[in-house]
Amino acid sequence: MNRWIIAWVLLAAGIVRAEQLEKPDANTLWLENGKEIKLGKKPNFRHWFTLDGKKELEIKPLENGKGFSFFAKDANGRKTTTLVKVSPEYPYLVFRITGLDLLKGYRNWTVAMDLGMQTFQDTTPQKGIYVFDLYQNLPEKAAARKTSYLDFWVYNLRMDFEYIKLVKKPDYAVRAECTDAEIKPGSKVKFTAELAKEAEDVSISLFSNGQPSPVKVNGEIKIQLKPADKTQKVWTAEVEFKNIGLRKPCKRHKLFMKMDVLGGDLDEPVWVGLPFAVTPKAEQ
């Protein structure tokens with residue numbers, strides 16, 4: 001059953017009506033769409049925690065009614081946290097960044113959850129759709145959690161979101177399958193891109209987190225996918241990793257699988273967390 005949770009929050013500017021939607025449809029466990037953001041002074045369900053003083057993060061709905069923004073006007077490392085429900089039935093954390101206002105100095109956004117997921121972008125953060133499979137390769141103890149803190153840190157940056165949500169299946173995603181516990185030279189990885197609508201061409205590239213930089217696989221930046229069937233909605237490629245252009249190992253979700261799609265209705269990149277650790281050199 002859909003359930004609207006209604007609350008009243010006293011802010012410096014006055015009284016703001018706040019609401020958050022849980023289970024708006026069968027595919028979604030919870031959704032923050034920024035219609036009216038609820039704030040609080042401690043992390044809890046259904047509201048975002050804000051710190052007072054120099055590290056207070058400005059959080060407010062967008063004027064066009066299509067989302068909300070996080071704004072840190074300096075490099076103080078401003079943080080917000082909310083407590084959310086989690087479930088293996090809804091494994092995908094998805095958010096869409098629609099706008100970025102880059103201030104002078106060091107810029108960074110970081111996202112983390114208590115399910116072994118943390119990643120960030122700095123210097124030149126990117127717009128687009130971000131997708132993370134929270135449960136693939138997750139230890140059983142962590143997978144047993146019923147709740148998790150969702151944390152964002154923001155530095156010298158305004159970032160606009162259309163939504164943040166936890167879903168069974170995203171509209172756009174890339175799955176990576178590998179029989180090895182981690183990807184290393186000699187590993188064979190199957191990539192599968194799943195799209196909401198048919199496309200003319202689909203490719204992926206591995207990118208580092210931090211300042212996004214392409215990571216070459218076998219000397220190439222792009223991995224070309226091919227349609228798996230006539231629908232042109234599922235695209236695949238199987239690659240043996242002989243050479244990986246990294247200087248040091250990366251942990252789970254520390255690399256992005258950036259998906260670029262031609263044709264269809266998608267005109268922005270999809271950044272998907274790679275749910276495998278990656279070791280660039282074979283053991284001596």
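Two strands count as paired if DSSP finds at least two bridges between them. With that in mind, this predicted model can be described through strand β14 and through an open sheet of 4 strands. Strands of a sheet pair through backbone hydrogen bonds, either parallel or antiparallel.

**Strand β14 and its surroundings**

- Strand β14 covers residues 157-167, and 9 of its 11 residues are buried, so the rest of the structure largely encloses the strand.
- Buried here means under 20% relative accessible area.

**Partners of β14**

- Strand β9 (residues 92-102) runs antiparallel to β14 and is joined to it by 10 bridges.
- Within this pairing, R96 has Y163 of β14 as its bridge partner.
- Strand β7 (residues 68-72) also pairs with β14 in the antiparallel sense, over 5 bridges.
- Here A72 lies opposite L157 in β14.
- Strand β3 (residues 28-32) is antiparallel to β14 as well, with 4 bridges between them.
- In β14, L166 is the residue opposite W30.

**The open sheet**

- The strand order of this 4-stranded open sheet is β15-β16-β21-β20, and the pairing is antiparallel.
- β15 (173-178) and β20 (226-227) are the edge strands; each has a single partner strand, so one side of each lacks a neighbour in the sheet.
- The partner strand β16 (residues 188-194) is joined to β15 by 6 bridges, and the two run antiparallel.
- C178 stands opposite V189 in β16.

Key:
Residues numbered from 1 in each chain as written. Predicted model: local features only at pLDDT ≥ 70, side-chain atom pairs only at ≥ 80, totals over all residues. Heavy atoms only, no water. Buried < 20%, exposed > 50% of the residue type's maximum accessible area, 1.4 Å probe, protein only.
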